[in-house]
Amino acid sequence: MKKPYELTWDQLKPDYSAGNLHFSTTAELTPLDGIIGQDRAVEAMEFGLSVRKKGYNIYMAGLPGTGKTTYARKSAMRKAAEQPVPSDWCYVMNFRDEKRPSAISFPAGQGRAFKKDMEQLVELLKNELQKAFIGEEYVTKKNSIAKDTDNKRKVLIAKLNEIGNELGFAARFTEEGLQLHPLINGKVMDEAAYQQLTESQLETINSNSVIFSEKASGLLRDLDALEREDFGRQEKLDQEIGTRAMQSHIDAMKEKYEVSPKACAYLDDVKVDILENMDDFIDEEDPSEDQITALLKAQSDSSDPSERYRVNLIVDHSGEESAPVVTVFSPTYQDLSGEVEINTDGNYLTTDYMGIKGGQLHQANGGFLIVQAYDILTTPGAWEVLRRVMKTSEISVGPARGGVYAQAMPFLKPEPIPADLKIIMIGNGSYYELMREADEEFGKFFKVRADFDYEMPASSENIEKVTEFMKRLVENEKIPDFDAGAAAKVLEYSSRNAERQDKLSTRFNLLADILCEAAAWAEADRAELITAEYVQKAIDKKEDRLRLYEEKIKEMYDNDEIMIATEGSETGQINALAVLDTGDYAFGIPSRITATAYVGQSGIVNIEKEAEMSGQTHNKGVQIISGYLGQMYAQKFPLSLSCRICFEQSYSGIDGDSASSTELYAILSALSSLPIRQDLAVTGSVNQRGRIQAIGGVNYKIEGFFDLCRRRGLTGSQGVLIPVSNMKDLVLKDDVVQAVEEGKFHIYPVKTIDEGIELLTGCPAGEPDAEGKYPQDSVHGRVYERLKAFNDAASDS
């Protein structure tokens, strides 16, 4: 047998010694400006930000802590600085349809000015109208019209009286119209005299009444026409005087805001509406009213006519110098699209255009809106709002479907505002796929995907940038500087998070946490510089806070409640390695796998599968083992084998194939009757040709078995078998590295099942001869003979 290949201590983690860094402390460094290790994502972002066409919104995908949100905001602000400040927006009364308020845009800053100018204009018009309608010209013309009408009215009434007198009537005009009163001796007959009239006299009165109606009908029509003419002349005079009083001021406003055609059209509508409602603007004093009566009347009529002409400014970019960048943390329907405030008036819900409130979409319009995918997915109505805006290119204000006031809102439908903004959504890849699956048009709305990697090469350039990131944190958080040793320890921690010797983690939130905690420990000691000892203390203390569950499991190992041997040898029994991940903390745990073999036709029976505790990937691994056995031993006779494998003392589900090589070793041991060393633990998946494949969590697995052996006492022979392809993933803790350096613990990288079984049993695996036969004293020879015996026994039965 070849001597097994064993890793030396300097192969167990990357070398980030302080001597390899070009500085003594971070005080010598320049703070980082930008993002590290995300070239692909940066290129995608730059492309997405530069394209202003519909649908080119950006989805930033990646794990939390990779700097997506910070980078998104900085990139958007940089791009926004190159773009003009967008328009102000306001809502005004739509005099043609008050249920549909009109939206008007202005260049940035002019919206506020227009709002103030309108307030002043309405007050000015009110004063001008008041003066105009008490002015000499108006009074003279009004009196002239009234006098002319009165003279014509008198002539017509005189003619009516003349006809009446001829027929024995006095014609009187009352509020109820024309009334005829019978005359007696030239005087109006009273009720008593009327009651004493004879039948013949009454018939004469009735007959004359008919005759009067016939003769006076033309005059009565002339009177009606005269009143209409008087009203028309008076109204024309009012319109003429009112227009003259307002026109110059309206024209001045239109000239000032000629940049907005809708504003000019609105001013014309204001003039027309005021002319139609001039009575509300003119205080006509009734000389017959005393002061108390006038006061009571004023209190009863408390509505202000100028309220119809108020301006509701919902987007105000006064004083801004670039396009807006809005980051959303509460994407409710109302927060995004705005709302119309509802007032309660007794038992009724009321509202008007002044109750319209802009949302985050209005504020971001013309710029950038940054949202979190998780918030959009979990907030009712949020995706509905964004989808509608991206599809229609309009921002509508209104309640969500089924909202509390949804039934009241059909009575007010504000005019939508044109949408011109870029949406940047931030989340992980699974949210992206979920939204694509749920909405077939999602990819049409987000045509640019920027993938943020969770790791980056440990190049000299990236190492330098990580140290510059530390310097930026020092300045931002006002903490002491780090020395080179501390920086080296941080780089090592970054590699451990990436689980690669040649990689660094891009999850800088994890680094920032450790840096801040190291600073806290240093400041507690009044240290002026943060050293490697404080960084290591921060790492250790953070793990201590999270390892309660791990310690409970360790107690079960120490009390032999979970049975794991770390010395001696056993047939058909082997130590496997697994990882438990609690979310914030992961750790390795050893477990025992056993295998039994006997004559039968069941093949390999996965006990976990039979108990419905095995996942699909684990089941696949068991099938691969069957393929290996058939390839190796069943070329000349069929397998007549029943073999059962089991994860002992496992009471929860098992999944993954990282123990498939371990299971195969146990089966080979059971078939060859060769005992397996219990001072070794194994991890690694296997293919059908017996080659060992890489697995995840190798560092946690090694440390888990090492910790158990250390607690029981290191013998110098204990160790772990790992896939050779996992060597680059080793970033082990210092105590493991030290034990390997001292020869107290061993790590063996293996490529094939043959290498591993020799190490585990101390017996040669065996090479086939020209006829395909294995040496009888080899592992494969023993297994072959045992399986042949099983087949013979099965054939005889």
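Which residue of strand 17 is the bridge partner of Met60? The structure considered here is a predicted model, in which local features need pLDDT of at least 70 and side-chain atom pairs count only at pLDDT 80 or more, while totals for chains, interfaces and linings use all residues. Residues are numbered from 1 along each chain as its sequence is written, and side-chain values use heavy atoms, with hydrogens and water left out.

The partner of Met60 is Ala450, in strand 17. Strand 1 (residues 58–61) pairs with strand 17 in the parallel sense over four bridges; pairing requires that DSSP finds at least two bridges between two strands. Helices (H or I, at least four residues) and strands (E, at least two) are DSSP runs numbered from the N terminus.

A wider view shows an open sheet of five strands, paired in parallel in the order 8-13-16-1-17. Its edges are strand 8 (325–327) and strand 17 (448–451), each pairing on one side only. From one strand to the next, the twist averages 20°. Helix 1 (residues 39–50) packs on this sheet and touches strand 1, strand 13 (368–372), strand 16 (422–427) and strand 17, contact being heavy atoms within 4.5 Å. The direction of helix 1 makes about 155° with that of strand 17; axes are lines fitted to C-alpha atoms, for helices over the stretch in contact, and angles run from 0 to 180 degrees between N-to-C directions.

Turning to the cysteines, a search of the whole structure finds zero disulfides, a disulfide being a pair of cysteine sulfur atoms within 2.5 Å. For Cys90, the closest cysteine sulfur belongs to Cys264 and lies 13 Å away, too far for a bond.
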